[in-house]
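Student: I should like to go through the labels attached to this model and see how each one is justified.

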Amino acid sequence: MRRWIPRLREWDRKLFRWCHFRIRHTALDRLFGWLTHLGGATFTIAFTLSVALLAPEPWRTVGRISLLSLAASHIVAAIVKRKVDRLRPYMAIGGVVTGPNPLKDPSFPSGHTTAAFSVVVPFALASGWLSLLVVPLAAAVGLSRMYLGLHYPSDCMAGCLIGSAVSAAAMSLIG
């Protein structure tokens, strides 16, 4: 297993470089700059709270599960961040372009990706047709984090797994 770790790190860096350097475009700068906020605290909390309080059933219940999943997955991600303590790509790789005031907390796992998946998975499980829209949207949040120089692919994959697993567990327990 030890010999695979350097290979995985190199694959992670190569994929990051492709996402960050190779596909740069002004239109993508704007698009990913906007998409990344869909995984931020302001949007995810406001969205889940609004659905949990204002939507008709069965969406109100799904909103409550989504809100619970968001809180629980945040705790898991925060614990993992402190344990792994990985530098963000812009701190470790030269020439990475970020926006103003980039985050300085540990990189692994991606909190935005964790939040995005923890919010959308209950909706995706509640409605098959809705999953065709919301799952790619959550994946785009993860891609935006790499494009913006803030996360490696493995950070986003871990966020996807944590958010999805916590949501699936909450859905099976409550839903």
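**Salt bridges, helix packing and backbone geometry**

Tutor: In this predicted model, Arg 86 and Asp 155 form a salt bridge, with the closest N and O atoms 2.8 Å apart. The two residues come from distant parts of the chain, Arg 86 from the loop between helix 4 and helix 5 and Asp 155 from helix 8, 69 residues apart.

Student: Why is the contact between Arg 86 and Asp 155 called a salt bridge?

Tutor: The term requires a side-chain nitrogen of Lys or Arg within 4 Å of a carboxyl oxygen of Asp or Glu. Arg 86 and Asp 155 have their closest N and O atoms 2.8 Å apart, so the criterion is met.

Student: What makes Asp 155 buried or exposed?

Tutor: Buried means under 20% relative accessible area. Asp 155 has 0%, and therefore counts as buried. Arg 86, at 21%, is partly exposed.

Student: How do you know that Asp 12, Arg 86 and Asp 155 belong to one network?

Tutor: Asp 12 also forms a salt bridge with Arg 86, the closest N and O atoms being 2.7 Å apart. Asp 12 lies in helix 1 (residues 4–22) and Arg 86 in the loop between helix 4 (59–84) and helix 5 (89–92), so this pair ties together parts that are 74 residues apart in sequence. Asp 12 has a relative accessible area of 3% and is therefore buried. Salt bridges that share partners join Asp 12, Arg 86 and Asp 155.

Student: Which residue does Arg 88 pair with, and what makes the pair a link between separate parts of the chain?

Tutor: Arg 88 forms a salt bridge with Asp 105, the closest N and O atoms being 2.5 Å apart. Arg 88 lies in the loop between helix 4 and helix 5, and Asp 105 in the loop between helix 5 and helix 6, so the pair ties together parts that are 17 residues apart in sequence. Arg 88 is buried at 1% relative accessibility, whereas Asp 105 is partly exposed at 28%. A search of the whole structure finds four salt bridges.

Student: Why are helix 6 and helix 8 called oblique to each other?

Tutor: Helix 6 (residues 111–126) and helix 8 (residues 153–174) pack at an angle of about 40°, their axes being 7 Å apart. Angles under 35 degrees would count as roughly parallel, and 65 to 115 as roughly perpendicular. The pair is therefore described as oblique. The crossing of helix 6 past helix 8 is right-handed.

Student: What makes up the contact of helix 6 with helix 8, by class?

Tutor: The contact has 10 nonpolar, seven polar and no charged residues. Among them are Phe 117, Val 121 and Leu 125 in helix 6, and Ile 162, Gly 163 and Met 171 in helix 8.

Student: What is notable about the phi of Asp 85, and why does the residue count as exposed?

Tutor: Asp 85 has a positive phi of about 50° although it is not a glycine. The residue is found in the loop between helix 4 and helix 5. Exposed means over 50%, and Asp 85 reaches 54% relative accessibility, so the label applies.

Student: Where are the cis peptide bonds from Glu 57 and from Phe 108?

Tutor: One runs from Glu 57 to Pro 58, with omega near 5°, and Pro 58 is found in the loop between helix 3 (41–54) and helix 4. Another runs from Phe 108 to Pro 109, with omega near -5°, and Pro 109 lies in the loop between helix 5 and helix 6.

Technical notes. Residues numbered from 1 in each chain as written. Predicted model: local features only at pLDDT ≥ 70, side-chain atom pairs only at ≥ 80, totals over all residues. Heavy atoms only, no water. Axes fitted to C-alpha atoms, helices over the stretch in contact; angles between N-to-C directions. Helix = DSSP H or I, 4+ residues; strand = E, 2+ residues; numbered from the N terminus. Parallel < 35°, antiparallel > 145°, perpendicular 65-115°, else oblique. Left-handed = near helix turned anticlockwise from the far one by under 90°. Contact = heavy atoms within 4.5 Å. Nonpolar A, V, L, I, M, F, W, Y, C, P; charged D, E, K, R; others polar. Buried < 20%, exposed > 50% of the residue type's maximum accessible area, 1.4 Å probe, protein only.
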